[in-house]
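Thank you all for coming. I would like to walk through one part of a structure that is new to most of us, so please have a look at it before I go on.

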Amino acid sequence: MNDSSWGAPPRPEFWGTPEGPSQGAFPAGPAYDAYDAPPLSRTQQMPIVPDAGSDAEDRDHRDPGAASTGGPLFRAETPQEPMASPPPTPPVPAQPEKKRAGRDLRAAIGVGVGLGAVILASLFIVKAVFVGVIAVAVVVGLWELTSRLDERKQIKAPLVPLAVGGAAMVVAGYASGAEGAWVAMALTSLAVLVWRMTEPPEGYLRDVTAGVFAAFYVPFLATFVAMLLTASDGPWRVLTFLLLTVVSDTGAYAVGWRFGKHKLAPRISPGKTREGLFGAVSFAMVAGALCMQFLIDDGSWWQGLLLGLAVAASATLGDLGESMIKRDLGIKDMGTLLPGHGGIMDRLDSLLPTAPVVWLLLAIFVGTS
C-alpha cells in the first residue's frame, strides 16, 4: 500500500530541492527510506474523521442535500419542533407528622404486666413478702440514684449505709409505724455521716448531703406503702394507692398525647401539657370514687373524689421532681433495668411522693386500723 492511501503526498525519490538531489544528499533506496527522514519532514497531520462513521458519509453521498455545512461533527437533521414540557405536577400537601410514644410500648406493657403480677401475688398472699418487694425496690432505686450522681456530678453518696438503712427503714415502718420509720431514718442519716468519714475530707459536705437526701427521697417515702399495709384492709389500701397512681399517669399520657397543646412546665418536662394534667385529674377522681366506694372499708365516693384529686397533684409533682433531677444530671432515664420503662426510679417517681399523701388522707377518712 502506498502513502497516498493515507492522505499523504507522494514521497520524493531524493531528499533536497525539487530540481534534484542536493549536494551530498543520499539517494533513496532500501537502506534510506523516507521513514528514516528527519522527524520534521515525515510528520503528517492526521485527517479529521467524522464521528458519524462510514454510514453517515455514504448517506451524504446518496443525498447531498441532507448534509449540512456545519462541519463533520454536525449531522444533518430535519429541524423539529421543541418538545412541549409536561404540565407541572401539583404539590402534594404535607402530611402531619404522627405523634410517637417515644418508648417501646410492647416492652413497656409486658414489663408492667409482669410487675403487676408479682405485686398482686405478694400483696394478697403473704404481706411479709410484699414488704420484701418494697425493700428490694428501695435498694435498687438507691443504687441507680447514687450511681447516676457519681457518674454525672462526681457526688459519692455512700451506698452501703443507705441500702442497709433503707431496707431497715421499710421493715421498721411496717413493724412499728411512723415512729419506727423516723427512728430508722435518723439512724440511717447518722450512718451516712460516719461512713463518709473514712474518705478524704474533700467533698464531705456535698456527699453526705446527697446521702441524707437519698435516704429521705427513696426509703423513707416508700415506708408509707408498708404502713398502708398494716391496716385490716391493708392490701386493698395499697391496691387503691397503686391503681390511682397508675390511672393518673395513664390519663395524663392518653389525653396529653391526643389533645395536648399547651405546655405545663416546658423548662422541666417539655412533654407534659395542661391538657394531660386535666386528664390525670379526671381519670384519678373517677377511679378514686370507685375505689373508696367498693374497696375501702367505711369509705365513701366523695372521699374518693378528693383522694383522686390529691393523687393526681402529687403524682404530677413527683414526676416533675424527678425530671428536674434527671435534667440536672443530663440523662433521660435513671437506669435500663426495665425495658420500655427505664430504671426502677423511673417507675417510683410518681409513687414515692404519693404514698404519704394517700396514707394521710386514708387515716383522716377511715382511720389507720
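Let me begin with Phe241, which, leaving aside its neighbours within four places in sequence, is in contact (heavy atoms within 4.5 Å) with Val225, Leu228, Leu351, Thr354, Ala355 and Val358. A word on the source: this is a predicted model, in which local features need pLDDT of at least 70 and side-chain atom pairs count only at pLDDT 80 or more, while totals for chains, interfaces and linings use all residues. Residues are numbered from 1 along each chain as its sequence is written, and side-chain values use heavy atoms, with hydrogens and water left out.

Turning to the helices, the axes of α7 (residues 234-259) and α11 (residues 351-366) come within 10 Å and cross at roughly 130°; here axes are lines fitted to C-alpha atoms over the stretch in contact, and angles run from 0 to 180 degrees between N-to-C directions. The two helices, α7 and α11, are therefore oblique to each other, a word for angles that are not under 35 degrees, not over 145 and not 65 to 115. On the α7 side the contact is made by Arg237, Phe241, Leu242 and Thr245, and on the α11 side by Leu351, Thr354, Ala355, Val358, Leu362 and Val366.

Finally, is Ser248, which is also found in helix α7, buried or exposed? Ser248 is buried, with a relative accessible area of 1%, where buried means under 20% and exposed over 50%, with partly exposed in between, for a 1.4 Å probe and protein chains only. Leaving aside its neighbours within four places in sequence, Ser248 is in contact with Ala280, Ala284, Val311, Ala312 and Ala315.

Note on methods. Helix = DSSP H or I, 4+ residues; strand = E, 2+ residues; numbered from the N terminus.
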